[in-house]
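Q: Please take a close look at one strand and its partners, and then place that part in the rest of the model. I would like one connected account.

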Amino acid sequence: MSSDKAIEVKGLTFTYKGDDETQAVKGIDLDVERGEFVVIMGPSGAGKSTLANSMNGLIPGFMKGKYGGSVLVNGHEVKGTPVSRMAKEIGLVFQDFEAQLFSTNVNLEIAFGPENFGVPRDEIVQRIEKVLKTVKLEGFENRQPATLSGGQKQRLAIGSVLATYPDIICMDEPTTDLDPVGKLGIFTIAKELHESSDFTLVIIEHETEEALHADRVVVMKDGEILRQGNPLEVLREVRFTDEVGIMSLQIPKYFKELLNCENCDLPLNPEDGYKFFQQQGLKIDQGKYDQLVSRDEERRNGYGEVVLSVEDLVHVYPNGNRAVDGISMDIREREFVAILGHNGSGKTTLVKHFNGLLAPTEGNITVGGKNTREHSIFEIGKEIGYVFQNPDHQIFADTVFDEIAFSPKIRGSSEEEVKERVSEALDAVELAGYEEKDPFSLSKGERQRVAVASVLSARPKIIVLDEPTTGLDYKEQKRMMELIKKLNDSGHTIIMITHTMWVVSEYAHRVAAIKDGKIMMDGPTREVFAREKELYDSYLKTPHIVSLSNMLDRTVLSIEEMKFCTGGLQ
Amino acid sequence: MDMFLYMDLNTYVHRLDPRTKLLLMFLSFAVGVMYKNIVMLVAALVLVLIYGGMGHILSNLKRIKVVLIMITLFSVVIWSIAQSGETRFLIFTLEGVLYGIMIAIKTNLMIVAGMVFLSTTKIEEIAEGLVKIKVPYRGAFAFSTAIRLVPMIVATSYTIIQAQKSRGLDLESGSLFEKIKKYVPLMIPTLVSVIRGTNVFSMALESKGFGYSNNRSNFLQLKMSGHDYLMMLIGLTIVAVASYLKFDPTAYNTLINLFPWGDFA
């Protein structure tokens, strides 16, 4: 057996049991060289996770189905080898960091893998030290994993896998639930692992901007590999990435659409973009830019009354954690506010006060004239709807209709009215015709929209959304945001928590950045995103197009805006 | 939110070997099961509380105070009606009240003893302690995993309650039957989320080599020290004395005479 290749996939096909109609992967061939860093991208349902799970034997060992072809990892035939044996060769890190950590402290978490392989204790001690250094968690030895931040938890998960000394690491969307700087931390570790030794790295990722550091990018769709090659080349092909449905890099997309050229050598990042901008003799048309700014202003003048007011809010959890530490803000009718902050900054705690799920320790919240201290969640629920992050935390009914009818029914609406409200809500989320479907059989994006509809059916004036785009692919994210924008245009006030920065820059009117329970910045999106350095200090990173415009001393928020105010074209 | 019962401190009790703590817990259970005498049970409860106080974990009892109080109330109310006796007032009997108190102390004694054990012993130590007393590793791990999953389930159901309350679910009002129906929107998402979570959990376990071989090594080093033997000795002595009291008729009569109404043997 040749062992010069780390991974050899030959004609892999897999059909999940219970879903006999669709093949998750359709005859994939993929070789990964020793020491290579490969990023796998593609929309939901592309078969990326299926591919990852078949590398360490979870497929077909753990998840059953029809298996064809072969996968060799370090020369071992994966099919027929126990997952626990494969753990010596390849470490797998999952997206859900909460569920993969289970020990009482960091040391024990990392020791678990080596213990299983009977590594002597002295060596385990050495390994812990080494691994903690690699994942930058020195000094956390005795901390409980539950007390770590999201980024730290995911780094610990990587560490716990590294400790068995596999020479291949595969990460399945490791950064989906992390804030931008937490993401960066994971990618830094990946890069260092790649540089420092002959680790082979396979990472499944949605973020195009981060894939640039890889040796090779593999783009999948519908169970097939569409294209692979140097990320600089593959990702420069904006037309292709647009077509597949992964997010195109903003800088080449902007220049391609602006200059209308097919095969020119486009820059990929803001720095090169800036140079290219100058070379091409482009400049910002001040008149047009002023138009953008005055459009913002007009929109602000069109807002209604204050509908939600937060006064000196403090929230202290029973364990003494001061999660919200003196926040005041007023939100007016028809505003679209994005609340940003790192994992654990207190943003979820803050918004949970808005519909009375949490009571203030100090201060007051007034929603539509009602103080949340004096009214029940049920009453405040008429004014404000709350869409939780994970749609699976609220879906329970057998049909989409019943799910959405839950709220109006419980509020005593007549049958006629329930029907009317359900169809109105379904129209709003573009799921008309789905009434009789089983919500559990829908895709994640569709379930998320059902969750939104089930809140809309109560006809709230204000809608709070906790990370509505997390875990969705680019197309689904875009669709979700268009829907929220439509709701906003039709008069709803929107308050949204998110980590996805391009979503904020393209859709939000106003940004409040929270750090350690305090508001660091609060203002119109354009003004806040101009302060790139300060954002970075709050663990937030602006999208590429915003960074480029900031280098040009203006702040534009989307490719469309940038195209609109670029002047100097021949 | 911290859902683990374990309190990460470094006290005398925390430093004891898990086997010692396991033994002490079972001895407390034994006394609880053996006796139907209020005096004995109160004495045992006091000893367990002192032992917990040494571990600085009594504050953890606050978290289950609702459970403890409910058990006491239910036990007293139900037994005072159900137990027959001579000293009757309305539908209650005095014997029943005392019997209820006895059962309440018995139950609470065992819960508190279990709580002290879980608050002072890491889950890994429990598993390792069980392995050391020859429980197969997989069994020990399954047991410790069950303890581990409780906080996960509690945290998930907490989020789900909040999500459904936000949609207008009102758990407080309505008749009993209506209330039961109201729990459907909570049960289904909880089950779905827990099944999903445990699925990732078991995949993560296998991906870290769980079950690779039966010769596992151990990062935690368990060693019985003088303190362990001392505590075991104290525990065993107390139970021995208690057994003597139970099985020697004269001694037992002396005990009963301390508080004749509190004995139900």
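A: Strand β7 (residues 168-172) of chain A is joined to β8 of chain A by 5 bridges, and the two strands run parallel. One pair in this ladder is Cys170(A), whose bridge partner in β8(A) is Val202(A). The model is a predicted one.

β8(A) also pairs with β3(A): strand β3 (residues 37-41) of chain A is linked to β8(A) by 4 bridges, again in a parallel arrangement. Here Ile40(A) has Ile204(A) as its bridge partner in β8(A). Strands of a sheet pair through backbone hydrogen bonds, and the pairing may be parallel or antiparallel.

β8(A) itself covers residues 200-204, and 5 of its 5 residues are buried. The side chains of a regular strand alternate between the two faces of the sheet. In β8(A), Thr200(A), Val202(A) and Ile204(A) point one way. Leu201(A) and Ile203(A) point the other way, and all of these residues are buried. Buried here means under 20% relative accessible area. Val202(A), the bridge partner of Cys170(A), and Ile204(A), the bridge partner of Ile40(A), thus belong to the set that points one way from the strand.

Helix α9 of chain A spans residues 208-211 and contains Glu209(A). Leaving out residues up to four places away in sequence, Glu209(A) touches Leu249(A), Lys541(A), Pro543(A) and His544(A). Leu193(A) is 16 residues from Glu209(A) in sequence, and their C-alpha atoms are 19 Å apart.

A second sheet in chain A has an antiparallel pairing. It is an open sheet of 4 strands in the order β13-β12-β15-β16. β13 (322-332) and β16 (370-371) of chain A are at the edges with a single partner strand each, so one side of each has no neighbour in the sheet. Within this sheet, β12 (residues 306-316) and β15 (residues 362-367) of chain A are antiparallel and are joined by 5 bridges. Ser309(A) has Thr366(A) as its bridge partner in β15(A).

The loop between β13 and β14 (336-341) of chain A holds Arg334(A). Arg334(A) is not a glycine, yet its phi is positive, at about 75°. Its relative accessibility is 33%, so Arg334(A) counts as partly exposed.

Another backbone feature of chain A is a cis peptide bond between Ile59(A) and Pro60(A), with omega at about 5°. Pro60(A) is in helix α2 (residues 58-61) of chain A.

Taken as a whole, chain A has 25 helices and 22 strands. Its radius of gyration is 25 Å, close to the 25 Å that the globule rule gives for 570 residues, so chain A is as compact as a globular protein of that length. Along the principal axes, the C-alpha atoms of chain A fill a box of roughly 70 × 60 × 50 Å. Of the 570 residues in chain A, 61% are buried. Considering contacts in chain A between residues at least 6 apart in sequence, 68% join residues at least 24 apart. The exposed area of chain A is about 21,600 Å², with 45% of it supplied by carbon and sulfur atoms. Chain A carries 66 positive and 91 negative charges, and the mean positions of the two sets are 0 Å apart.

Chain B offers two residues for comparison of setting. His56(B) is in the loop between α3 (38-54) and α4 (65-82) of chain B. Phi of His56(B) is positive, near 55°, in a residue other than glycine. With 54% relative accessibility, His56(B) counts as exposed. Ser119(B) is in helix α5 (residues 94-120) of chain B, and at 0% relative accessibility Ser119(B) counts as buried. Neighbours within four places in sequence aside, Ser119(B) is in contact with Leu5(B), Tyr6(B), Met7(B), His14(B), Ile57(B) and Asn60(B). Ser119(B) and Val131(B) are separated by 12 residues in sequence and by 20 Å between C-alpha atoms.

To return to the strand in question, β8(A) runs parallel to β7(A) and parallel to β3(A), and 5 of its 5 residues are buried.

How values were computed
Residues are numbered from 1 along each chain as its sequence is written. Chains are lettered from A and ligands numbered from 1 in the order in which they are written. This is a predicted model: local features need pLDDT of at least 70, side-chain atom pairs count only at pLDDT 80 or more; totals for chains, interfaces and linings use all residues. Side-chain values use heavy atoms; hydrogens and water are left out. Two strands pair if DSSP finds at least two bridges between them. The radius of gyration is taken over C-alpha atoms; the globule rule is 2.2 Å times the number of residues to the power 0.38. Buried means under 20% relative accessible area, exposed over 50%, partly exposed in between (1.4 Å probe, protein chains only). Contact means heavy atoms within 4.5 Å. Accessible areas come from the Shrake-Rupley method with a 1.4 Å probe; for residues, only the protein chains shown count as cover. Lys and Arg count as positive and Asp and Glu as negative; His and the chain ends are not counted. The place of a charge is taken as NZ of Lys, CZ of Arg, CG of Asp or CD of Glu.
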